[in-house]
Amino acid sequence: MTRRSLLTRIAFSPLSRHSSSVKRRDVSSAAVTVNAAKSASAGFAKENAVVIDSVEVSSSSVVVDRPTAADHHPDSFVDRHIGPRSEDIEKMLQTLDVKSLDEVMDLTIPRSIRREFQMQMPEPLSEQELAVRARVLSLENEAKDFSSYIGMGYYNTITPTVIQRNLMENPGWYTQYTPYQPEISQGRLESLLNWQTMVQDLTALPVANASLLDEATAAAEALGMALKAHPDKKRVLLDHKMHPQTIAVVKTRASGFGVTVELGDVMGKGEEEEEIERGLFCAVMFQYPDTEGAIRDYSKLTHKCTQAKTLSVCATDLLALSQLRAPGEFGCDVALGSAQRFGVPLGYGGPHAAFFACSEEHLRRLPGRLVGVSIDSSGNRALRLTLTTREQHIRRDKATSNICTAQALLANIASMYAIYHGPKGIRDIAQMVHHYTRALSVGVGASGHFRVVNETFFDTLTIDLGQRKGEIMERAQQRKHNFRNMDNNKIGVSMDETLTMDKLAAVLDIFHSPLSAEECWKEATVATSSPSLHWAMGGFERESEILTHKVFNSYHSEHLLTRYLKKLENKDFSLVHSMAPLGSCTMKLTATSEIMPISLRGFNSIHPFVPNPQQQTRGYLSLMGELEQDLKEMTGYSAISFQPNSGAQGEYAGLRAIDAYHQSRGNSQRKVCVIPKSAHGTNPASAQMAGLRVVPLDVDKEGGNVSIEQMTKLADKHKHTLSAVMLTYPSTFGVFEEDIKVIADIVHHYGGQFYLDGANMNALVGHCRPVDFGADVCHLNMHKTFCIPHGGGGPGVGPIGVAQHLVPFLPNHPVIDVNAGGAMGSQSSPGPVSSAPWGSSSILPISWAFMRMMGSVGLKKATEVAILSANYMRKRLEGEYKILYTGKHGFCAHEFIIDTRPFKKTSGIEAHDIAKRLQDFGLHAPTMSWPVGNTLMIEPTESEDKGELDRYIEALLIIRQEIRDIEQGLILTHQSPLKHAPHTAAVVCGEEWDRVYSRHTGAFPAPFVQPASKVWPSVGRLNDQYGDLNLACSCDKVEGF
Ligand SMILES: Cc1ncc(COP(=O)(O)O)c(C=O)c1O
């Protein structure tokens, strides 16, 4: 029985509400009692609402055997997620002259792929039930009760609550889009510039980017940089004391590039040293401090690398760098690592931001985004993304990297952590962490049985337990402590900022230390019994200042930081203001109920490498199991890998799976990847990274469809080498190509595999499945269709689904068995693609919650309304704008392109003028100039209500009139508000006003734009040329700030 029919049955009858026929609803798989209380508030519905006020763990089962909130309450999550009310849907259908949503689907999705099926999913939960269920699952993660000392690049940290509440959990920050419209993104651009400055400062390197996906992929990007710098050198040397996940991910990437990875001691004297000196490697990489905790002096090595034209790459730790000499101070070309321990919760592996800094020489090879300083139309300082011509959006398979969605939100959290603590606070934290480590080394030494292996350390000890390893590890488990299990008789113990004397005492006790925590602490201070402690940091203490810029020395009280965060937020447009109909980006609602679980300790406090996940992270495994089941149901695939942490990473993982499959069949020559010219830039960039050769495919000018003729010709021409064809469906033009199955048949006929870019899954869910039209693998952008917010440029989650024959080739992991010995991630896997076994695990609850609350009927309806809304807007605009592509019945999919190219000739107006003018209406531009130059692609999503759609339409119609005014000679192009947009408050309120239109027209171009609620752009139109010519990518010097 669906939730709706259940509600109808019991609707508004107090008797039936208490009827025993109300279904028992299992909200938990663990032992839980729900304490329910009736709301005291007046009113019929409220009075009877069940309010869940707490969850207690008890010994047995799980079933809430009383009417639950969802059974009782007329509220339905589906109606909260979907914007248009039923009467609005009626009106929208009338506009389209159709009778039902079904008819809309008939006119949109080709018969050949439409599937009449009901997805098998549990009944939807209400928001209150979801909260209970999420809590229950989080409680099932026993690891939350363990103290983690595992380290390996992941540490407990304290997220300052002021940052948690005002940034991480604040839709004004997390629903922002990537700052491609800089005039309404100055807040997050400033925050990312702070991040770049922080990274440059701590690493002592002059250039840093605006974050990457994780430490291991950052190291893989460094390999890409090295190959671009030294294309003839196909060998890379990795120190064997790097984190194992970093080594493994670099190996995966290297094999795609045809590069040999050699593991060894980069400081060794033998063959390696000689080969380094002979310049045989494109890069030499090492960890500082290394994975066992030791601090080594790499300065001679980096010198040799410079002589030998080899990139020296240092994977490092920002907290350690506040104490240790910085990589830039001992000659490194690149420093990279994770900023997780700067206030970003462990989250079972992610999302966290990675940093990447380099010397000036490599600036143009820098992966990822870069924020730069420029000026606006009034000559004032303004920020923007710079050097974008390096990126895949423009350079495609020649791009320096493949970073589209990165981890912007997490980078912002980390830089705010540095701002809040300031240089002194960061140093104090680091010194405290180091002192605890010293105290532990004293205690372990005093036990007389165990030996600290590393003589130098910052926060990590490798301890040789000899024959007693089993006993000590068991004792640790009994006392709920997770240590790192290393080879032979060794273990690793890493300290962090959450340590206390009590915790230290508990650890010491595990090692049978005869000394108390206080005694160890004291001895660590005076170091009488252990003079070597004076040299714990290897004589490598940092002498230079850190975080000297004013921004890191200004906001150390909560009032000050709250106001700074608010000041930045106020400069930015996000979904809290109005819609951002960015084609292909699906800027839909992230509901509060979906995001709340990510703050539960049981989800966010867990180290990704806890031993025995079946026991310690049962809750996570259940949640991922349910999410996987739902995604399999929607796509028809046999397995899903959650490891890729962005869409681009998903593409890469999928293509590597295809490549490994061909190799397993003796077809390693299959290296050609056919990709339409209209594809997203990440497609060719991923193919190149996977070692494939990109062959571009035309699309026809009339319908935007792939040319079957050319496709057949290309497949035939490359029949011995065809690896894959990569298509987005519905296409990047917003059209369901009728011939999709034919295309799949052609690919398969010629021995290739069909890769489907699932960024447009929002048009498919519940109505057709990629597997049915022949796609072998597909990535799913969870940060689009499945509600993970865009966060101003990430977090991302890009799982892939694969057909049965590709399952063995999904990513594996060197530390954690991702499939408990199953086929997934087996020996045939090309290797891991991310640092963490399940990528950005801690935000999977968002998508899971969406599915659980929508249920199959709700999800299906969401697709229908997304397509309806796009067609409603298309229809209302088509008299005034040319709609570029539609399907055979004149309908678009969930997005459509308006052709603004003709205006250039008739009025001198281009897509970006329209985009800037939309800012004056308080609206965000659609996707600009992609997939067709000088056009706008609109995707409204199902979450926007009709009133919002109408306002957007009204704005575009007013803009069309402004273009017509130019066309009719009523105003000159350069005098039009379109060319002066956006209008800032400073300009509109300035003394001078020399425009031919009024101030009011400039700032309040439609009746719905009101002074009391207007969102003002904080700067005028950006001057791109100035920014390119005067490159500056860090905060100004103190005087200029
Ligand atoms: C069609 C398409 N494919 C792939 C991607 C890449 O996804 P991500 O940004 O998560 O790397 C995007 C992102 O906008 C996209 O629109």
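A residue counts as buried when its relative accessible area is under 20%. By this criterion, Q245, T246, I247, A248, V249, V250, T252, R253, A254, G256 and F257 of helix α13 are buried in the predicted model. That is 11 of the 14 residues, and α13 is therefore mostly covered under the 20% limit. The helix runs from residue 244 to residue 257. From first to last C-alpha it reaches 20 Å, close to the 20 Å expected at 1.5 Å a residue. Several elements supply its cover. Among them are the helices α12 (215–229), α27 and α28 (682–689). The strands β7 (235–239), β8 (260–264) and β9 (283–288) also contribute. Just after α13, G258 takes a positive phi of about 75 degrees.

Helix α26 was examined in the same way. It comprises 18 residues, 618–635. At 1.5 Å a residue, the helix should span 26 Å. Its end C-alpha atoms are 25 Å apart, which agrees. The buried residues of α26 include G619, Y620, L623, M624, L627, L631 and M634. Charged side chains also appear in the buried set, with E626, E628, D630 and E633 among its members. T635 is buried as well. These buried residues pack against three helices, α8 (127–139), α24 (601–604) and α31 (844–877), and against the strand β20 (639–641). Just after α26, G636 has a positive phi of about 85 degrees.

The ligand is surrounded by 14 residues. Of these, T405, S584, G647, D757 and H783 come nearest. By class, the shell has three nonpolar, eight polar and three charged residues. Helix α27 (residues 647–664) provides the largest share of the shell, three residues. This helix is also among the elements that cover the buried residues of α13. Oxygen atoms of the ligand lie close to polar protein atoms in three cases described here. A polar backbone atom of G647 is 2.7 Å from a ligand oxygen. A polar side-chain atom of H680 lies 3.3 Å from a ligand oxygen. For H783, an N or O atom in the side chain is 2.7 Å from an oxygen atom of the ligand. Taken alone, the ligand exposes 390 Å², and the protein buries 97% of that.

Two loop residues, T586 and C787, were considered together. T586 is found in the loop between α22 (558–570) and α23 (592–595). C787 is placed in the loop between β25 (777–779) and β26 (800–802). The two are 201 residues apart in sequence, but 8.7 Å apart in space, C-alpha to C-alpha. T586 has a relative accessibility of 1% and so counts as buried. C787 is likewise buried, because its relative accessibility is 1%. The side chains of T586 and E939 are joined by a polar contact of 2.7 Å. Beyond its neighbours within four places in sequence, T586 is in contact with A759, N762, K784, T785, H790, E939 and T941. With residues up to four places away left out, C787 touches H81, K588, L589, T590, E594, M782, I846 and F850.

The loop between β12 (354–358) and β13 (371–376) holds S359. L363 lies in the loop between β12 and β13 too. S359 is buried because its relative accessible area is 15%, under the 20% limit. L363 has a relative accessible area of 10% and is therefore buried. Apart from neighbours within four places in sequence, S359 is in contact with L205, P206, V207 and D333. On the same basis, L363 is in contact with V207, C358, L370, L387, R390 and L1031. V207 thus figures in both sets of contacts. L363 and P206 are 157 residues apart in sequence and 9.2 Å apart in space, C-alpha to C-alpha. 

Backbone geometry was notable at several loop positions. L387, a contact of L363, has a positive phi near 50 degrees, although L387 is not a glycine. L387 lies between β14 (381–385) and α17 (392–395), and at 7% relative accessibility it counts as buried. S211 also has a positive phi, about 90 degrees. Its loop joins β6 (207–208) and α12, and S211 is buried at 1% relative accessibility. The peptide bond from Y288 to P289 is cis, with omega near -5 degrees. P289 lies in the loop between β9 and α15 (299–307). A cis peptide bond also runs from Y729 to P730, with omega near -10 degrees. P730 lies in the loop between β23 (722–728) and α30 (740–749).

Terms used:
Residues numbered from 1 in each chain as written. Predicted model: local features only at pLDDT ≥ 70, side-chain atom pairs only at ≥ 80, totals over all residues. Heavy atoms only, no water. Near = heavy atom within 4 Å. Polar contact = N/O pair within 3.5 Å; in protein donor to acceptor, adjacent residues only side chain to side chain. Areas by Shrake-Rupley, 256 points an atom, 1.4 Å probe, with all protein chains shown as cover. Helix = DSSP H or I, 4+ residues; strand = E, 2+ residues; numbered from the N terminus. Expected span 1.5 Å × (residues − 1). Buried < 20%, exposed > 50% of the residue type's maximum accessible area, 1.4 Å probe, protein only. Contact = heavy atoms within 4.5 Å.
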